[in-house]
Amino acid sequence: MRSNSVEQTKIESEPKPASLFPAGQLLPFFLVTALFFLWGVPNNLNDILIRQFMKSFAISRFEAGLVQSAFYMGYFLFAMPAAFLMRRLGYKPGFVVGLLLFGLGAFLFWPAAILGKYAFFLIALFVIASGLSFLETASNPFIAQLGDAESSARRLNFSQAFNPLGSISGVLAGTLFIFSGVEPSGQQIASMKTQQLYDAYLRSETLRVVKPYVVLGTVAMFWALLIWKTKFPTIQNEHEALGDRGHLLELFRYPHFLLAVVAQFMYVGAQVGTWSYFIQYVQESTHQPERVAGYFLTGTLAAFGIGRFTSAYLMRFIAPNKLLGAYAVVNVMLIAFGVLHEGWAGLWAVFLTSFFMSLMFPTIFALGLKGLGPNTKIGSSLIVMAIVGGAVLTPLMGLIAEAYQSIAPAYLVPLVAYVFVAGYAFVGSKAGSGTNPRMCIGAELTK
């Protein structure tokens, strides 16, 4: 009897596995997790817009790449204001402001299409991204800190796993409702110009972008109302005392954080550049029509989503930094193959990179925020600002593609980015952190 009693006491004293979902806060968790899905839609509709605007405005790859520049400059310029707003008022107002800006930018597509000016579309995209900057700056630390500290990295990867589902939905909707499937040859364009039909064709192609964005804006406004009406919990350190809000200069004491900002810049540039020109890579390598290429883009985003859920599971057994490094090394090899072997084999190599890039954003984010304490919100905003990598590396890829008259050499840019990410994972993420990322990543986020 005594033996059974001792064994029972031992079992009861053993620590229970950290819960992935926050007890009693499932509704706020659901509403914020849905935001990861929602902002994935416009992020990857940009990949459709690049191809569409090349047709509807008859512009070069570099000029079309400015879609990403305008978009990610919005992230860059508004991440810090978002952090200061939330430091003063909390996460909930950040969500609401972000959704209102998101909706406004989406509605601006209507007048931009009527005026038929490419620059106005860039302004609308900038406004959308400004709103998304608020959402990302708030959502990542909110989810990480909502619930058990030990499961924060897994929880963030779980919520982030819904982001590619939004990306898939955006690309699929764009492929079906924005791409007309009409791709006139040079001879046909000359004929339309002779018959004075070319301007009408360009205008009809431009107007095709309006309906998806009006629907998107309506959903964003509705979600803002839902969040505003829902009671949200007060996150630890959300309303810090004036002397405990953290200071920007203190972040320079954390080498692992500073390197995380650079790693995120490189990763986002690689991700955005890979997807932005993937349709063109498919068309150049396999000579498929734009809609088929759009379905391939949808497929690679599906691989991204599967990778997110898979990595969230694997992190139960493998340290996040080691898994990140291994995935980055695999992507270096896949991209190298895609550059050297254009065609169906190269296409599938580039296709598979989405699976292995899937864990990179949330893992770099979590590793970078580890141990920042009251500086977590400011640190979060700086990592979000690093998303500007998409604005820098994407046009660079366009310039390389124009210089070589081929999109394949441009993929050397993502290759270099993944080399840096691998270095950060294996070495940089440990610089000055002094902790085991697998055991302490969640606990440190909420200190």
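Does Thr-300 count as buried or exposed, and at what relative accessibility? In this predicted model, Thr-300 has a relative accessibility of 1% and therefore counts as buried, the cut-off being under 20%. Thr-300 belongs to helix α14. Setting aside neighbours within four places in sequence, the contacts of Thr-300 are Trp-275, Phe-278, Val-350, Phe-351 and Ser-354. One of these partners, Phe-351, lies 51 residues away in sequence, yet the two C-alpha atoms are 5.3 Å apart in space.

That contact list leads to the overall fold. The protein is built with 21 helices and 0 strands. Of its 447 residues, 58% are buried. Among contacts with a separation of 6 or more, 86% join residues 24 or more positions apart. Another pairing across the sequence involves Asn-321, which sits in helix α15. The C-alpha atoms of Asn-321 and Gly-428 are 9.6 Å apart, with their positions 107 residues apart in sequence. Asn-321 counts as buried because its relative accessibility is 2%, below the 20% limit.

Helix α16 supplies three of the partners of Thr-300, namely Val-350, Phe-351 and Ser-354. This helix covers residues 344-357, and its 14 residues should span 20 Å at 1.5 Å a residue; the end C-alpha atoms are 21 Å apart, so the two values agree. Most of α16 is covered, with 10 of its 14 residues buried. The buried set is made up of Gly-346, Leu-347, Ala-349, Val-350, Phe-351, Thr-353, Ser-354, Phe-355, Phe-356 and Met-357. Among the elements that cover these residues are α12, α13, α14, α15, α17 and α20.

Helix α13 (278-286) is likewise mostly covered, with 8 of its 9 residues buried. Those residues are Phe-278, Ile-279, Gln-280, Tyr-281, Val-282, Gln-283, Ser-285 and Thr-286. Phe-278 is also one of the contacts of Thr-300. The buried residues of α13 pack against α2, α3, α12, α14, α15 and α16. After α13 comes His-287, with a positive phi near 60 degrees.

Positive phi values also turn up in loops. Ala-58, in the loop between α2 and α3, has a phi near 50 degrees, positive although the residue is not glycine. Gln-405 occupies the loop between α19 and α20, and its phi, near 55 degrees, is again positive in a residue other than glycine. How does Gln-405 count, buried or exposed? Its relative accessibility is 66%, so Gln-405 counts as exposed, the threshold being over 50%.

Turning to the interior, nonpolar side chains in soluble globular proteins tend to be buried together. The largest nonpolar core here has 132 residues, and those with the most contacts inside it are Phe-95, Leu-99, Tyr-267, Met-360 and Tyr-411. Helix α2 gives the largest share of this core, 14 residues. Around Met-360, leaving out residues up to four places away in sequence, the touching residues are Gln-264, Tyr-267, Leu-324, Tyr-327, Ala-328, Asn-331, Tyr-418 and Val-421. Tyr-267 thus appears both as a partner of Met-360 and among the residues with the most contacts inside the core.

Where is space left unfilled? Rolling a probe the size of a water molecule over the atoms shows where empty space is left. The count comes to 4 cavities of 30 Å³ or more, and the largest cavity holds about 250 Å³ of space. Its lining is formed by 21 residues, with Asn-43, Tyr-72, Glu-136, Asn-163 and Gln-271 lying nearest the centre. Two or more lining residues come from each of α2, α3, α8, α12 and α14. By class, the lining of the largest cavity divides into 10 nonpolar, 8 polar and 3 charged residues.

Asn-163, one of the residues nearest the cavity centre, is also among the buried residues of α8. The other buried residues of α8 are Pro-164, Gly-166, Ser-167, Ile-168, Gly-170, Val-171, Gly-174 and Thr-175. Helix α8 runs over residues 163-177 and has 15 residues; the distance from its first C-alpha to its last is 21 Å, close to the 21 Å expected at 1.5 Å a residue.

Notes:
Residues are numbered from 1 along each chain as its sequence is written. This is a predicted model: local features need pLDDT of at least 70, side-chain atom pairs count only at pLDDT 80 or more; totals for chains, interfaces and linings use all residues. Side-chain values use heavy atoms; hydrogens and water are left out. Helices (H or I, at least four residues) and strands (E, at least two) are DSSP runs, numbered from the N terminus. The expected span of a helix is 1.5 Å times one less than its number of residues. Buried means under 20% relative accessible area, exposed over 50%, partly exposed in between (1.4 Å probe, protein chains only). On a 1 Å grid over the protein atoms alone, a cavity is a set of points where a 1.4 Å probe fits but cannot get out, and a pocket is an open set with protein on both sides within 12 Å along at least five of seven lines; lining residues have an atom within 4 Å of a point. Grid points are joined across faces, edges and corners, and a volume is the space filled by probe spheres set on the points. Ala, Val, Leu, Ile, Met, Phe, Trp, Tyr, Cys and Pro count as nonpolar, Asp, Glu, Lys and Arg as charged, and the others, Gly among them, as polar. A nonpolar core is a set of buried Ala, Val, Leu, Ile, Met, Phe, Trp, Tyr and Cys residues joined through side-chain atoms within 4.5 Å. Contact means heavy atoms within 4.5 Å.
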